[in-house]
Amino acid sequence: MTPPPEALAAPVSDRAGPDDPDNLICPAIEIFDAEDVDARIDERLGDATDDKALRAAAVSVLREAQAAGRAAIAEAFTLRPHDARPTVRAYAWLTDGIVRTVFRLAVTRLHPRPNPTQSERLAVMAVGGYGRAEMAPFSDVDLLFLTPYKITGWAESVIESMLYMLWDLHLKVGHSSRTVKD
């Protein structure tokens, strides 16, 4: 028996997800190199332990990485102007790199938890167009901050620090904070 057309598998290019860097308009490493960004933040930060200095160093490096990533995407799109899907995925990949770096800095450097409780956990999820990996060059970044039980003081601090850094990067951030029960 032959399955109906709507049940047939999608072509390989349509099945690739946003976490698969092979489906971008140019190589993922050209768009955002997380290791390089982390190294440059550490280098720029030096021995400073001040939260303000960390945020300033992070924003400075991320602003450069953001500009370089956007330039790489724009150049690749100029060469392949009909490849819209890989282009919008590339912008989502760039945003992922920025959001992951900001989250990592917020939970490890700005607000480390020496003895975390079960309720001091936080997940950051992309929603909307960003969550679907469909971002135009200056799309808004919709984030959901999810906690297991209630939003603790620690989670509020992490969320606030992340939002300030993302806003300093001139990203339009739409956000909500929810518990799993919500």
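In what order do the elements of the chain run from the N terminus on? The order is α-α-α-α-α-β-α-β-α-β. The structure shown here is a predicted model. Its secondary structure comes to 7 helices and 3 strands. The chain has 182 residues, and buried residues make up 39% of them.

The strands offer a convenient place to begin. They form an open sheet of 3 strands, arranged in the order 1-2-3 with mixed pairing. Strand 1 and strand 3 stand at the edges, and each has a single partner strand, so one side of each is left without a neighbour in the sheet. From one strand to the next, the twist averages 25°.

The mixed pairing can be followed strand by strand. Strands of a sheet pair through backbone hydrogen bonds, and the pairing is either parallel or antiparallel. Strand 1, residues 123–127, runs antiparallel to strand 2, and 5 bridges join the two. One position in this pairing is Ala-123, which stands opposite Leu-146 in strand 2. On the pairing with strand 3, residues 173–179, the direction is parallel, and 7 bridges join strand 2 to strand 3. Among the residues involved, Asp-142 has Gly-174 in strand 3 as its bridge partner, while Thr-147 stands opposite Thr-179 in strand 3.

How enclosed is strand 2 by the rest of the structure? Strand 2 covers residues 141–147, and 6 of its 7 residues are buried, so the strand is largely enclosed. The segment after strand 3 provides another point of reference, for Lys-181 lies there. Lys-181 has a relative accessibility of 80% and therefore counts as exposed, the cut-off being over 50%. Lys-181 and Leu-146 are 35 residues apart along the chain, and their C-alpha atoms are separated by 9.9 Å.

The path of the chain between two of the strands involves a helix. Strand 2, helix 7 and strand 3 together make a β-α-β unit, and this unit is right-handed. Helix 7 also has a relation to helix 5, which spans residues 84–110. The axes of helix 5 and helix 7 come within 9 Å and cross at roughly 135°. An angle over 145 degrees would count as roughly antiparallel, and one of 65 to 115 degrees as roughly perpendicular; helix 5 and helix 7 are therefore oblique to each other. The crossing of helix 5 and helix 7 is right-handed.

Helix 7 also holds a pair of aromatic residues. A pair of aromatic rings is described by the distance of the centres and the angle of the planes. The count for the model comes to 1 aromatic pair. The rings of Tyr-164 and Trp-167 have their centres 5.7 Å apart and their planes at 80°, so the pair is edge-to-face. Both Tyr-164 and Trp-167 lie in helix 7, residues 153–168, where they are 3 residues apart, about one turn of the helix.

Are the two residues of this pair buried, partly exposed or exposed? Tyr-164 is partly exposed, with a relative accessible area of 44%. Trp-167 is likewise partly exposed, at a relative accessible area of 39%.

Methods: Residues numbered from 1 in each chain as written. Predicted model: local features only at pLDDT ≥ 70, side-chain atom pairs only at ≥ 80, totals over all residues. Heavy atoms only, no water. Phe/Tyr/Trp six-rings, centres within 6.5 Å; stacked < 30°, edge-to-face > 60°. Helix = DSSP H or I, 4+ residues; strand = E, 2+ residues; numbered from the N terminus. Buried < 20%, exposed > 50% of the residue type's maximum accessible area, 1.4 Å probe, protein only. Pairing = 2+ DSSP bridges. Right-handed = clockwise from strand over helix to strand, strands pointing away. Axes fitted to C-alpha atoms, helices over the stretch in contact; angles between N-to-C directions. Parallel < 35°, antiparallel > 145°, perpendicular 65-115°, else oblique. Left-handed = near helix turned anticlockwise from the far one by under 90°.
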